[in-house]
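Student: Hey, can we go through this structure together? I'm new to it.

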Amino acid sequence: GERLTATLGNDFGFKKTYASSEQSARRTILYDDADFEAKYLVTPKTSVAGFYNFSLFEYQDSILKVNSYIRNEFGGKIYYHITPKTDVYVSSSAELVDYYQSGLYDSTGWTIFAGVIGRPTEKLILTGETGIRSRDYINNIDTYNNWVFQGIAKYILTPKIAVTVSGKRDI
C-alpha cells in the first residue's frame with residue numbers, strides 16, 4: 001500500500017443566522033473552512049501526520065462585521081491503528097486568531113487532544129476526541145484554558161462529496 005497519503009477538504013458558503021436576543025434581524029455569515037493533512041505510515045500499526053486548518057468567519061452587511069476573524073491552526077498527530085477500521089491518536093497544535101476588522105480578540109493558543117476514529121462501514125466515519133485548549137488574548141484579556149469534547153459523523157456520498165454532522169462542547 002501507499003505509505004504517504006494526503007487529504008484536503010473545504011467547506012464554503014453563506015449562512016443566514018438568527019440574531020441574538022438584543023436584535024431581531026437575521027444576519028448573513030460567510031464561512032470558509034479548509035483542511036489539509038499529510039499522513040505517513042511508519043509501521044503497519046503507526047502513522048505520523050502534519051495538518052493545517054484555515055477558517056474564515058465573516059459577518060456580511062452587519063454592525064458585527066468587526067467580530068469577523070481568520071483562524072490558522074497547524075500541528076501534528078500520532079496514530080495507532082488498532083484494527084483496519086479503528087484508530088486512536090494524540091495530537092497537538094498551535095493556532096493564531098486574527099480579528100482583522102478590529103483586532104480586539106486577536107489571540108494565540110495551543111491544543112492537546114486524544115481521540116478515536118471508527119469506520120463502521122465504507123461510507124461512514126465516526127470521530128470522538130477530547131483534550132485541553134489554551135488561548136492567550138493579545139490585548140491583555142485573560143488567558144483561559146478549557147476542556148473540549150467533540151464528536152463528528154461523516155458520511156461519504158461520492159468520492160468528492162461528503163455530509164458531516166458535528167457537535168462540540170467547551171467547558
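Tutor: Sure, here is a quick tour, from the whole chain down to a few residues.

Tutor: Keep in mind that this is a predicted model, where local features need pLDDT of at least 70, side-chain atom pairs count only at pLDDT 80 or more, and totals for chains, interfaces and linings use all residues. Residues are numbered from 1 along each chain as its sequence is written, and side-chain values use heavy atoms, with hydrogens and water left out.

Student: Okay, how many helices and strands does the chain have?

Tutor: There are 0 helices and 9 strands; these are DSSP runs numbered from the N terminus, with helices being H or I of at least four residues and strands E of at least two.

Student: And what does the C-alpha trace span along its principal axes?

Tutor: About 55 × 35 × 25 Å.

Student: How much of the chain counts as buried?

Tutor: Of its 171 residues, 30% do. Buried means under 20% relative accessible area, with a 1.4 Å probe and protein chains only.

Student: Switching to charges: how many positive and negative side chains are there?

Tutor: The chain has 19 of each sign, and the centres of the two sets lie 8 Å apart. Lys and Arg count as positive, Asp and Glu as negative, while His and the chain ends are not counted. Each charge is placed at NZ of Lys, CZ of Arg, CG of Asp or CD of Glu.

Student: Now single residues. Where is E73?

Tutor: E73 sits in strand β4, residues 69–83, and is buried, at 10% relative accessible area.

Student: Which side chain does E73 have a polar contact with?

Tutor: The side chain of S93, at 2.6 Å. A polar contact is a pair of N or O atoms within 3.5 Å; within protein, one must be able to donate a hydrogen and the other to accept it, and residues adjacent in sequence count only if both atoms are side-chain atoms.

Student: What about S55, buried or exposed?

Tutor: S55 is buried, with a relative accessible area of 9%. It belongs to strand β3, residues 46–60, and its side chain has a polar contact of 3.1 Å with the side chain of N53.

Student: Last one: which residues does G131 touch, beyond its neighbours within four places in sequence?

Tutor: G131 is in contact (heavy atoms within 4.5 Å) with I112, F113, N146, W147 and V148. G131 lies in strand β7, residues 124–137, and is buried, at 4% relative accessible area.

Terms used: Buried means under 20% relative accessible area, exposed over 50%, partly exposed in between (1.4 Å probe, protein chains only).
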